[in-house]
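The report below walks through one protein model, with attention to what is covered, what pairs with what, and where the backbone takes unusual turns. Please keep the sequence and the structure open while reading.

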Amino acid sequence: MELLKHRLTIAFFLTALFFAIFSARLFYLQIYKGEEYRDFSERNVLRVLDLPAPRGRVFDRNGEKILYNKPSFNLRVFPKEITDAEGLAEKLAEIIDVPEKKLLKKLRKIASLKNFYPVTIAKDISREQLLLVEKNKEALEGIFLELGHKRFYPHGEAAAVLLGYTGTADAEEVKAHHQIKSGTQVGKMGVEKIFDNELRGTNGIQYVMVNARGKVVSDSRTTLLPTRKNKEMVYGKDIHLTIDAELQKTANDTLGDEKGAIVVMDVRNGEILAMASRPSYRPEHISKGLSAEKRKKRKEKESFSLLNRPTQGTYPPGSVLKIITAFALLEEKTADPKSSVYCPGYYLINGKRFNCWKEEGHGHMNLHRAIVESCDVYFYELSLKLGVDRLYTYLKRFGLGERTGIALPEKRGVNPSRTWKRKHLREPWYAGETAMLGIGQGYVTTTPLQISVMTAAIANGGSIVRPKIRKTDEKTVPRITGASRKLEAKSVSFLKKALFDVVNAHRGTGIYARSRVTSVSGKTGTAQVVSAEVETTQKRFKDHAWFTSYAPSDSAEISVTVLVENGGNGGVAAAPIAKKIIETYFRLKKKRNETRIAKSE
């Protein structure tokens with residue numbers, strides 16, 4: 001009992017001591033030092049500073065930086081510290097070259113927010129503007145400079161459509177992703193958007209106390225003000241792509257001022273080595289933000305486009321589709337490779353004339369020669385025997401009318417059938433439409449990437465690969481999902497011989513792709529944009545020029561698919577472009593191998 005009393009006495013004494021010390025400290029702060037701290041509080045302001053996280057860098061397959069950050073300065077203002085919007089607008093207008101009325105309207109709107117969080121006034125200001133702000137910072141209430149990070153695209157337009165660009169998150173993006181706050185830079189297109197969650201990182205937050213002059217207060221008394229925990233920034237992750245930067249530049253340059261698309265793919269695993277689209281744009285210009293009026297003006301320019309033609313452009317494939325038609329004819333035993341069809345330069349279906357591209361005709365054609373010389377009449381007749389239903393099945397087997405599965409926005413194109421026409425046009429299917437489908441005309445449309453996948457399947461011996469743009473350690477060949485996607489070896493072998501002769505035989509339509517650097521196989525295509533009956537000299541009505549190819553012919557490594565919009569003849573306009581890209585690939589390979597050997601010695 002005595003022990004219990006002793007313990008209670010001690011506890012009572014300690015409690016009384018605690019309250020005595022607490023009361024004394026409270027008296028000291030509120031009474032004795034109250035006026036001093038009240039004055040301190042009135043003269044100083046709590047600021048909440050964003051610490052923008054640098055976005056991750058993007059590398060090509062060889063470790064070259066193709067997208068990274070450079071430091072930039074943004075001009076920001078704290079809404080709660082704006083006491084004279086008119087005076088501030090007058091001073092700032094001269095520095096950042098913005099009309100004073102426009103700036104005043106913006107500042108008044110910001111001042112109405114009355115919070116601790118800063119708002120951006122101007123992004124990526126020039127060195128001259130930076131020096132003027134520093135010189136006049138004491139007169140610019142609530143204004144401060146934030147060290148930011150602007151995206152730098154060393155290859156400019158060459159990979160712009162593929163890489164995409166960044167911009168300020170809009171209301172929908174903020175609403176959809178709780179981790180994104182208003183003002184955050186997010187990916188808007190291409191790689192920047194697809195891998196935004198990894199590239200973006202996480203911004204940090206720092207709470208600081210500043211005096212009336214905007215200088216950070218370093219005083220033990222700041223610990224008595226409301227404390228908040230700072231949040232460290234988390235850097236964005238780096239991304240490694242399958243793209244070869246030098247090959248990408250070559251692809252972009254070879255298109256020049258032409259509209260079109262190029263896809264270069266490793267046929268063994270589906271890795272995209274280059275994906276060019278023209279016209280393009282300067283991503284750094286878009287990232288700065290465009291007004292609705294400026295955006296409209298840019299869209300009207302022939303030299304500006306945000307469309308990724310390799311995956312989102314859909315076109316009639318023309319004669320490159322004869323690869324699939326020929327495969328279907330072989331598999332269905334509809335065509336006997338030894339038998340021939342006579343081509344007089346046209347073919348009649350129910351009294352209607354369907355012309356061959358060669359007006360005087362090709363004469364007697366077997367399947368091999370029909371591919372090499374791209375005889376339309378041969379494919380008209382045999383496609384009718386095959387029928388639209390079976391042709392539709394083989395087009396689907398090669399992936400037409402489906403997305404390839406690449407990690408980029410893409411369109412399906414159209415793989416037409418009786419059912420498709422009845423649903424979309426409410427009309428029956430006609431025999432002439434089957435003939436046109438067999439040569440890649442009519443309702444059928446494809447993307448250049450789909451044609452590249454088709455070509456790769458022949459080149460690699462029958463595997464339909466899923467194209468990819470991100471470099472991984474995956475060694476197996478990723479296949480497109482679906483049953484029976486491995487193509488029959490005998491038919492593939494026949495097509496490989498024919499495609500070799502398209503480029504290397506005397507009468508082959510792809511002779512302008514013939515190279516001394518390596519052997520090339522391929523198929524030309526000239527796709528009508530308007531009816532042949534329409535006479536016009538305008539370029540926009542000219543045929544689209546196609547050439548799809550692979551090399552080396554006997555042990556293929558890459559496929560190159562070229563589309564030149566309104567380019568005319570595929571063998572003339574597109575084949576030389578493919579040749580240059582193929583030769584660049586093998587020269588780069590040789591050069592890199594020599595460098596690697598030299599370093600190892």
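Helix H10 is followed by Gly 256, whose phi is positive, near 60°. The model is a predicted one, and the description of H10 that follows should be read with that in mind. At the opposite end, where H10 starts, a side-chain oxygen of Asp 244 comes to within 3.1 Å of the backbone nitrogen of Glu 246. Eight of the eleven residues of H10, which spans residues 245–255, are buried, so the helix is largely enclosed by the rest of the structure. The buried residues are Ala 245, Leu 247, Gln 248, Thr 250, Ala 251, Asn 252, Thr 254 and Leu 255. Their cover includes strand E3 (65–77), strand E10 (260–266), strand E11 (272–278), strand E18 (558–564) and helix H23 (575–600).

Three of the elements in that cover, E10, E11 and E18, also belong to a sheet. This sheet is open and has five strands in the order E11-E10-E18-E17-E16, with antiparallel pairing. Its edge strands are E11 and strand E16 (521–527), each of which pairs on one side only. On average, and with direction ignored, neighbouring strands of the sheet are turned by 5° against each other. Strands of a sheet pair through backbone hydrogen bonds, either parallel or antiparallel. Two of the pairings are set out here.

| Strand pair | Bridges | Direction |
|---|---|---|
| E10 and E11 | six bridges | antiparallel |
| E16 and E17 | seven bridges | antiparallel |

Is the edge strand E11 enclosed or open to its surroundings? Seven of the seven residues of E11 are buried, so this strand is largely enclosed by the rest of the structure. Within the pairing of E10 with E11, Val 264 has Ala 274 of E11 as its bridge partner. The hairpin that these two strands form has five residues between the strands, and there Gly 270 takes a positive phi near 85°. At the other edge, Gly 522 stands opposite Ser 549 in E17, the strand that covers residues 544–551. Helix H21 (residues 489–504) lies across E16 and E17 and runs at about 70° to E16.

Turning to the interior, the largest nonpolar core has 91 residues, and those with the most contacts inside it are Leu 367, Ile 371 and Tyr 378. Helix H20 (residues 448–459) gives the most to this core, with eight residues. Apart from it lies another core, of 27 residues, among them Ile 262, Val 264, Ala 513 and Phe 547. Val 264 thus appears both in this second core and in the bridge to Ala 274.

Returning to Tyr 378, and not counting residues up to four places away in sequence, its contacts are Leu 329, Ala 335, Val 341, Met 365, Asn 366, Leu 367 and Ala 370. Leu 329 is one of the buried residues of helix H14, and H14 (residues 322–331) is mostly covered, with ten of its ten residues buried. The buried set of H14 also includes the charged residues Lys 322 and Glu 331. After H14 comes Lys 333, whose phi is positive, near 60°.

Met 365 is touched by Tyr 378 and is also in contact with Glu 373. Glu 373 lies in the loop between helix H15 (367–372) and helix H16 (376–386). With a relative accessible area of 6%, Glu 373 is buried. Leaving aside neighbours within four places in sequence, the contacts of Glu 373 are Trp 357, His 362, Met 365, Arg 507 and Thr 509.

A second buried loop residue is Ala 169, which counts as buried at 8% relative accessibility. Ala 169 is found in the loop between strand E6 (166–168) and helix H7 (171–176). Which residues does Ala 169 touch, not counting those up to four places away in sequence? They are Val 174, Ile 180, Lys 181, Thr 184, Val 186 and Lys 188. For Val 186, which is 17 residues from Ala 169 along the chain, the C-alpha atoms of the two are separated by 5.8 Å.

For the protein as a whole, there are 23 helices and 18 strands, and 49% of the 601 residues count as buried. Of the contacts with a separation of 6 or more, 72% are between residues 24 or more positions apart. The accessible surface comes to about 31300 Å², of which 52% belongs to carbon and sulfur atoms.

Key: Residues numbered from 1 in each chain as written. Predicted model: local features only at pLDDT ≥ 70, side-chain atom pairs only at ≥ 80, totals over all residues. Heavy atoms only, no water. Buried < 20%, exposed > 50% of the residue type's maximum accessible area, 1.4 Å probe, protein only. Helix = DSSP H or I, 4+ residues; strand = E, 2+ residues; numbered from the N terminus. Contact = heavy atoms within 4.5 Å. Polar contact = N/O pair within 3.5 Å; in protein donor to acceptor, adjacent residues only side chain to side chain. Areas by Shrake-Rupley, 256 points an atom, 1.4 Å probe, with all protein chains shown as cover. Core = buried A, V, L, I, M, F, W, Y, C linked by side-chain atoms within 4.5 Å. Pairing = 2+ DSSP bridges. Axes fitted to C-alpha atoms, helices over the stretch in contact; angles between N-to-C directions.
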